[in-house]
Structure formats: structure tokens, C-alpha cells
Amino acid sequence: MCRIYGSFGDERADLDVLHAVAAAMYPGGPDEQTLRRRHGWALGTNRLAIQGIDSGHQPFVRGALCCVFNGEIYNHRQLRAELAARGYSFDGDCDGDVLLPLYELYGDAFTSRLEGMFAIALVDEREEPALKLFTDHAGMKSLYYYLSADGRRLRFASELRALSRFPDFPDELDPLAVDRYLGGKAVWGPGTVYTRVRTLKPGSTLRFAGGRTTVTHTALEPAEPHWPGGEPTVGTAAELLDELPLSCRAAEARPNPPSSPFRKARPTWTAGSSRCSWPV
């Protein structure tokens, strides 16, 4: 859907470096490249516009909160209605609009309200400035990260190649990971082919503040379906599927973007701005 990246712990991250990180992931988000850079942190995104095409500009900002995300929130309209009943208002129809209001209400547990696939990066400056990374339980959206050698900075990106554009990227290879790749054609997380680079496990929350890192995992609650006739059989499972309301499916249907998101034109960054413009 999109690509996200960022840095936390710098006095002010180098703009050219951040642009290089974004450019390395350009094919995954060709519609808009945006960046929010403040003292001590930066969050950026390459957007593939699928929902809220005209209004879903990232990063999302709400007071001292800022976030970017990659993925899709399937139940965002239901959540939007719940939030509206609690006094929240929305200008557009992007699924990401609900993320920061939910975080305000539920803290780190806000992801338990989400139905979908996602990787979310959020900076909370209300008290001690902190970076938080969240992944869904299926691990559909990758998030790679590493700590600087002195432990004072954390960098992250949706793609390993993009993460390597940071000048302090720890490129020491892990011999065991290389062996696993040669034997099984894959390196399973949370490790990577690089010794000090990790992926965030599915269903995890990483918090980085003051040079301290904590990672917690939330267990997925088991589903408790009401089986017709009281017995779980193929027939009753078919009945449950047939009863899924067509209105819910229609509500999540999305028209195609007005223009193809897979354009080949290259973007240009506007001087003095963190927003990218397209050549016509």
C-alpha cells in the first residue's frame, strides 16, 4: 500500500539522507512522498493512494502526536462512526484518519481495535518524547530497524534496501543468516542477514525513548464463533460465510484511483519543502 521510514534520536536528521531513503522505496509508493522532520525525529512515507485519495495525506498529525502507516484498515468506517459519537470530526475518508484519535483514547492498545494489515510508526511528544512501532498479528507489512552503535538513535524503514541508505547502517553480515538463506532461500525474522538489523515481530509494539528500547507482544485473542447447530462442521462454516452481510463487503469496496498509481515518472522534491511534486 505504502512505504514508511524514519529516524528517532537525532538532533535533526539530514534531509538529503531522508530523501535517499525515500527514493530507494519509490516503487512502493509512487503517488506522494512526504516527510515531517522535527528536532530529534523524522517520519516519512511514500504513498500508494488507495483510500481517501484526495485527503489521506501523511504524516497524520494531532497535537503532539504524529504517525505514518503502511497497510489498510478494513473497519475504519465503523471506527470513524464510533469516534464521531465521542466528538471527533474528520475531513476526509482515509482509513488512516482514525489512528491518532484511537491512540488518544486507548494508548498502545489501540491496535486491538484495528481489523486489517498494518505497520505503524508513531511519535508521542506529550510527555517523554517516544517513538513507537506497531505491527499486525499476521505480519503482513515488514518493518526493519536498527539501533546506532551508541544506542542513542533508532532508524526504521519498510524495506531493507532503503534502511541501508542511512550512513550509520550496520552492514556486518550474520554468517548464520547467510547459511540459512543458502539452505532455505529465506531468512526468517526477527533476524536479518545483517547482525544488528531486526524486523519487528507480528503483533508487536516497540517503544524507543531516552535510548531505551522495549518490545512487547500482544497475543491474538481466539475467535469464538457461534456455530449453527452447536457443532463446528464444514456445513456450518459454509453457513457462517453465507451469512456475511453483503453490505459490509460493498462498504469496503473501493473504486480505482483516477489515474494509475504505477506511473513511471520520477518525482522531484520541492526546494525548502518536505512535499514532493510530480512532473506533468
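Which residue in β7 does Ala-121 stand opposite? In this predicted model, the residue facing Ala-121 is Leu-133 in β7. That pair is a handy place to start a walk through the structure, so let us look at the strands around it first.

The two strands concerned are β6, which covers residues 116-124, and β7, which covers residues 130-135. They run antiparallel and are joined by 6 bridges. Both belong to an open sheet of 6 strands, whose order is β4-β5-β6-β7-β11-β12 and whose pairing is antiparallel. At the edges of this sheet stand β4 (60-62) and β12 (212-217); each has a single partner strand, so one side of each has no neighbour in the sheet. Going from one strand to the next, the twist averages 15°.

A helix accompanies this sheet. Helix α3, made of residues 99-106, lies across β4, β5 (65-73), β6 and β7. Its direction is at about 115° to that of β5.

It helps to step back for the overall picture. The protein has 7 helices and 14 strands. Of its 280 residues, 44% are buried. Among contacts with a separation of 6 or more, 57% are between residues 24 or more positions apart.

Now move to an earlier part of the chain, where strand β2 (residues 32-38) meets strand β3 (residues 41-47). These strands pair in the antiparallel sense over 7 bridges. Together they form a hairpin with 2 residues between them. Next to the turn, Arg-38 has Trp-41 in β3 as its bridge partner. Gly-40, in the turn, has a positive phi of about 100°.

How many of the 7 residues of β2 are buried? The count is 5, so the strand is largely enclosed by the rest of the structure. Gln-33 is found in this strand. Is Gln-33 buried or exposed? Its relative accessible area is 2%, and because the cut-off for buried is under 20%, Gln-33 counts as buried. The side chain of Gln-33 also has a polar atom 2.5 Å from the backbone oxygen of Gly-29.

Aromatic residues offer another route through the model. There are 5 aromatic pairs in the structure. One of them joins Tyr-146 and Phe-169 edge-to-face, at 5.6 Å centre to centre and with 90° between the planes. This pair links distant parts of the chain: Tyr-146 is in strand β8 (residues 144-147), while Phe-169 is in the loop between α4 (160-163) and α5 (175-184), 23 residues apart. Both Tyr-146 and Phe-169 are buried.

Phe-169 also forms an aromatic pair with Tyr-194, again edge-to-face. Here the rings are 5.0 Å centre to centre, with 85° between the planes. This second pair likewise links distant parts of the chain, as Tyr-194 is in the loop between α5 and β10 (198-199), 25 residues from Phe-169. Why does Phe-169 count as buried? Its relative accessible area is 10%, and because buried means under 20%, Phe-169 falls in that class.

Elsewhere, ring pairs link Tyr-103, Phe-110 and Phe-134 into a cluster. Phe-90 has a charged companion: the charged end of Arg-80 sits over the ring of Phe-90, 4.9 Å from its centre.

The last stop is the backbone, with a few details worth a look. Most residues other than glycine have a negative phi, and most peptide bonds are trans. Against that background, the peptide bond from Gln-58 to Pro-59 is cis, with omega near -5°. Pro-59 is placed in the loop between β3 and β4. A cis peptide bond also runs from Gly-189 to Pro-190, with omega near 10°.

Pro-190 is in the loop between α5 and β10, and so is Lys-185. Lys-185 is not a glycine, yet has a positive phi of about 60°. Is Lys-185 buried or exposed? Its relative accessibility is 62%, and because exposed means over 50%, Lys-185 counts as exposed. The loop between α5 and β10 therefore brings together the exposed Lys-185, the cis bond before Pro-190 and Tyr-194, the ring partner of Phe-169.

Notes. Residues numbered from 1 in each chain as written. Predicted model: local features only at pLDDT ≥ 70, side-chain atom pairs only at ≥ 80, totals over all residues. Heavy atoms only, no water. Phe/Tyr/Trp six-rings, centres within 6.5 Å; stacked < 30°, edge-to-face > 60°. Helix = DSSP H or I, 4+ residues; strand = E, 2+ residues; numbered from the N terminus. Buried < 20%, exposed > 50% of the residue type's maximum accessible area, 1.4 Å probe, protein only. Lys NZ or Arg CZ within 6 Å of the ring centre and 35° of its normal. Pairing = 2+ DSSP bridges. Axes fitted to C-alpha atoms, helices over the stretch in contact; angles between N-to-C directions. Contact = heavy atoms within 4.5 Å. Polar contact = N/O pair within 3.5 Å; in protein donor to acceptor, adjacent residues only side chain to side chain.
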